[in-house]
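Dear colleague,

Please find below the structure that I am handing over to you. My notes on it come directly after.

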2 protein chains.
Amino acid sequence: MRILVVDDDAQIIRAMRINMRARGYDVDTAFDGASALQAAAKHPPDVVLLDLGLPDMEGGEVIEGLRAWTSVPIIVLSARHSASEKVRSLDAGADDYVTKPFGMDELMARIRAAQRRSMHVEEAPVVTTAAFTVDLGAKRVTRGDEEVRLTPTEWHILEVLARNAGRLISQRQLLHEVWGPNYQSETNYLRVYMAQLRRKLEPDPAHPLYLITEAGMGYRFEKG
Amino acid sequence: MRILVVDDDAQIIRAMRINMRARGYDVDTAFDGASALQAAAKHPPDVVLLDLGLPDMEGGEVIEGLRAWTSVPIIVLSARHSASEKVRSLDAGADDYVTKPFGMDELMARIRAAQRRSMHVEEAPVVTTAAFTVDLGAKRVTRGDEEVRLTPTEWHILEVLARNAGRLISQRQLLHEVWGPNYQSETNYLRVYMAQLRRKLEPDPAHPLYLITEAGMGYRFEKG
DNA sequence: GTTGATCTTGTAGCCATCGTGAAGGAAAGC
DNA sequence: GCTTTCCTTCACGATGGCTACAAGATCAAC
């Protein structure tokens, strides 16, 4: 479960991070609206905790920016008790509005409630090519009618490439994302796994149409 | 839009009725838990406003009584500010918790937010396969003509998987949902319970058709 | 044509994960 | 208080994914 904490106060961010971690959430953080939207796009969170009063954007703008493409639960945290502010945030698309100061237990309960509701609504981005289909929500790959079984590492690589379809992903980027920060030079792992993916997905693995190697630079997922 | 107001104070009921009417809602009312459950069953509302401190039942009981068969948004109204009370209500299945006194504008905004969320929750209350049927509303599983008895934990796991039929659910997700946030690494629980579920549901438990393991990734409920 | 870099493919051992049966102990129901 | 059900925990064997290395293939540059 990934949670995105947006607040311009570094202390609060730190406190939140520790608390959430201890309760088993993965935590992303952002200091302002722009980076919040960016972070959410890069790693779609399961819950967003949004502080009002960010330096660069109105709270309502951030909510709308998220709601434009995702229905992730948004819980607004704010020191302002004014009713009009609450109404504005909730009507903009927030799911809940908690006034500071608040108890961590209550916040966690509200997060659980928000999550429980959104459990069943998740959207399913799907990337399709002429040869196969990658369902990122269901974590499933089908080729024609048959399901293709991928190992965790294979899936992880394919997921990163498919989410960035058309873009070039450097080898370092891939290694960092899949194997972690300590594997930035093991480029032959990539060669091994790209070969396996091609064998499972490409019509002619020797002449790939979709999983393209850019020699010396990285790999690219080509849709058509 | 039908709204059910549950409160033991006749004055509040009257005030609510007038306010809600003015905003275009149909209003049902109930003075205690028993009649609230009855009223909800008779005319399923789109939102429930539930006062705590009813004469006949604990708030949590009312929430559970509703949640047993409906996912209608429940907003708790209470004079108690205690965090533990909030946590209990929210974890019992309430969607929001508003402390008295509250502004009518805020309440209306929260009602709108709760409604908006429940809008796109289109439930498929029954999931059917060739071998068995899972009735998510009635919490029953039948295999052929016979009912299959599941333990609470077994049911909880099956419920999560069935609600997300076709999707892959990671071990962490399942553990978090069923055992809570502190059990994210006890993957052997899952193995034990998946084996039990397969024994009870699969035609050939050694070669499952419906409760599929995706090694290293998670589990998937396959309908066909 | 040769050389060297880069990529593909194959192979083998180690180890993580999975399925399963069984048993101790807690909780619930009578 | 007793019985039954359910949850937790452990041990074992088996499967198969990951790592690592090496040999063959391709390509570009000279």
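The notes below cover the contacts with DNA, one annotated domain and the aromatic pairs.

This is a predicted model, in which local features need pLDDT of at least 70 and side-chain atom pairs count only at pLDDT 80 or more, while totals for chains, interfaces and linings use all residues. Residues are numbered from 1 along each chain as its sequence is written, chains are lettered from A and ligands numbered from 1 in the order in which they are written, and side-chain values use heavy atoms, with hydrogens and water left out.

DNA strand D is surrounded by 15 residues, where near means that a heavy atom of the residue lies within 4 Å of the strand. The closest are Thr153(A), Tyr189(A), Thr151(B), Thr153(B) and Tyr189(B). Of the atoms of DNA strand D that come within 4 Å of the protein, 89% belong to sugar and phosphate. By type, the surface near DNA strand D has nine nonpolar, four polar and two charged residues (Ala, Val, Leu, Ile, Met, Phe, Trp, Tyr, Cys and Pro count as nonpolar; Asp, Glu, Lys and Arg as charged; the others, Gly among them, as polar).

At least two residues of this surface come from each of helix H6 (152-163) and helix H8 (187-201) of chain A, and from each of helix H6 (152-163) and helix H8 (187-201) of chain B. Helices here are DSSP runs of H or I with at least four residues, and strands are E runs of at least two, numbered from the N terminus. H8(B) gives the largest share, three residues.

Thr153(A) places a polar side-chain atom 2.5 Å from a phosphate oxygen of DNA strand D. For Tyr193(A), a polar side-chain atom lies 3.1 Å from a sugar or linking oxygen of the strand.

UniProt, in an unreviewed entry, lists residues 2-115 of chain A as "domain: Response regulatory"; such annotations may be inferred rather than shown by experiment. That span is 47% helix and 21% strand.

Over all chains there are 10 aromatic pairs (rings of Phe, Tyr and Trp, the last by its six-membered ring, with centres within 6.5 Å; planes under 30 degrees apart are stacked, over 60 edge-to-face, the rest tilted). Phe132(B) and Tyr210(B) form an edge-to-face pair, 5.4 Å centre to centre with 85° between the planes. Phe132(B) lies in the loop between strands E6 and E7 of chain B and Tyr210(B) in the loop between H8 and strand E11, so the pair ties together parts that are 78 residues apart in sequence.

Yours sincerely

Methods:
A polar contact is a pair of N or O atoms within 3.5 Å; within protein, one must be able to donate a hydrogen and the other to accept it, and residues adjacent in sequence count only if both atoms are side-chain atoms.
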